[in-house]
Amino acid sequence: MAQQELMTLKRFQEKFHSDDACREHLFQIRWTNGFCCPKCEHTAFYFLETRKLYQCTHCKHQASVTAGTIMHKSHTPLLTWFWAIFLVAHDKRGVSAVFLSRELEISYPTAWLLLHKIRKAMGDRDAHYQLVGLVELDDAFFGAPTEGGKHGRGTDQTPVLVGVLLNKQSAPLFVKMQVIPDVKGKTLVKFAKQHIEPGSTISSDAYRSYHALAKEYNHQPIRFNVKDNPDHLKWLHTMISNAKAFIGGTFHGLDSKHLQSYLNEFCFRTNRRQFEGQMFNRLLAACVSTDTVTYGDLTA
């Protein structure tokens, strides 16, 4: 994405003071070069004030700035949406539904739904990109284990596969995290095909399931031994630790059903950590380019 406008609190308050101001901004994002009818591509229109729609003068099609976005058919005012996106974008720790409900004076269910929609936009945005080059790959387990239960790969915690792309200096660039049903070879290969470009080098531990990656990747397994090789998968384990702190610090009592949503948020933030002042516009762009999800979808 191109360089984005820096958005401070003062700038945000000056620019987005009403629903109309938010709608105009979405119009500029949707139709950068002027209105273009989604149905017939005609460029002339008139605005239906009572319905807040743009009607094509040629085919009479009525277009909304929120159609096809995460905000589609939402009864929440656009200004509330913008405030929610701003607050999420500008707090590195993430914000809880309790916090959003209190600060925006909306109900808890509304705040909860807004946050899950925003996280969906985060996940969908990152789904467009694959890791290419040197990738550290390992599994981790999230959640509290049953008292007296097993630890490690025999635990009843939720398994998550984590991939971290390293640069030439072996520093982390991007991260991918996905909840998985198991740590079998076919599951690892499926993750790799979705998130890692073929031909990349994958560094992992020597667990037998990872050997299935050798068919399409330069697989470099090393038996993990923190004493003899303390730097092996160092950044990956750091990312896992940071993700657990992020989830545990802000979102207490998180169950496995929505774990992927929170992992998506962690990865989105981590992958754009160098664009701190641009996070509002980057997150808004993700929300505009993502189809919506309903409360029923999330609670089914």
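**Why these names? Sheets, a cavity and pockets**

Modeller: Let us start with β4 and β7, which are joined by 3 bridges and run parallel, bearing in mind that the model is predicted.

Colleague: Why are β4 and β7 called paired?

Modeller: Two strands pair if at least two bridges are found between them, and β4 and β7 are joined by 3 bridges, so they meet that condition. One of the contacts between them is that of V135, whose bridge partner in β7 is I202.

Colleague: How do you know that β7 and β8 are paired?

Modeller: The same condition of at least two bridges applies, and because 4 bridges join β7 to β8, the pair qualifies, with the two strands running parallel. In β8, P221 is the bridge partner of S204.

Colleague: What makes the pairing of the 5-stranded sheet mixed?

Modeller: The order of this open sheet is β6-β5-β4-β7-β8, and its pairs do not share one direction: β4 and β7 run parallel, whereas β5 (residues 158–166) and β6 run antiparallel, joined by 7 bridges. Within that antiparallel pair, L161 stands opposite Q178 of β6.

Colleague: Which strands of the 5-stranded sheet are called edge strands, and why?

Modeller: They are β6 (172–179) and β8 (218–221), and the name follows from the fact that each pairs on one side only. Between neighbouring strands of this sheet the average turn is 25°, with direction ignored.

Colleague: How do you know that helix α8 packs on the sheet?

Modeller: Contact here means heavy atoms within 4.5 Å, and α8 (residues 259–271) touches β4 (134–142), β5 and β6, while the direction of the helix makes about 175° with that of β6.

Colleague: What makes both faces of β7 count as covered?

Modeller: In a regular strand, side chains alternate between the two faces of the sheet. In β7 (residues 201–204), T201 and S203 lie on one side, I202 and S204 on the other, and all of them are buried. Buried means under 20% relative accessible area, so each of these residues falls under that limit and both faces are covered.

Colleague: Why is the pairing in the 3-stranded sheet called antiparallel?

Modeller: This open sheet has the order β1-β2-β3 and antiparallel pairing, as one can follow in β2 (residues 53–56) and β3, which run antiparallel and are joined by 2 bridges. Since at least two bridges are needed for a pair, these 2 bridges are enough. Q55 stands opposite Q62 in β3, and the edge strands are β1 (45–48) and β3 (62–63), each pairing on one side only.

Colleague: What makes the space lined by V88, V95 and L115, among others, a cavity?

Modeller: A cavity is a space where a 1.4 Å probe fits but cannot get out. The structure holds 1 cavity of 30 Å³ or more, and the largest cavity has about 30 Å³ of space. I118, R119, M122 and E265 also line the largest cavity, and helix α5 (residues 108–126) gives the most to this lining, with 4 residues. By class, 5 of the lining residues are nonpolar and 2 are charged, with no polar ones.

Colleague: What makes the space of about 390 Å³ a pocket?

Modeller: A pocket is an open set of points, unlike a space from which the probe cannot get out, and the largest pocket has a volume of about 390 Å³. It is lined by 16 residues, with K92, R269, T270, R272 and R273 closest to its centre. The lining holds 6 nonpolar, 4 polar and 6 charged residues.

Notes. Residues numbered from 1 in each chain as written. Predicted model: local features only at pLDDT ≥ 70, side-chain atom pairs only at ≥ 80, totals over all residues. Heavy atoms only, no water. Axes fitted to C-alpha atoms, helices over the stretch in contact; angles between N-to-C directions. 1 Å grid on protein atoms, 1.4 Å probe; cavity = no way out; pocket = protein on both sides within 12 Å on 5 of 7 lines; lining within 4 Å. Points joined across faces, edges and corners; volume = space filled by probe spheres on them. Nonpolar A, V, L, I, M, F, W, Y, C, P; charged D, E, K, R; others polar. Buried < 20%, exposed > 50% of the residue type's maximum accessible area, 1.4 Å probe, protein only.
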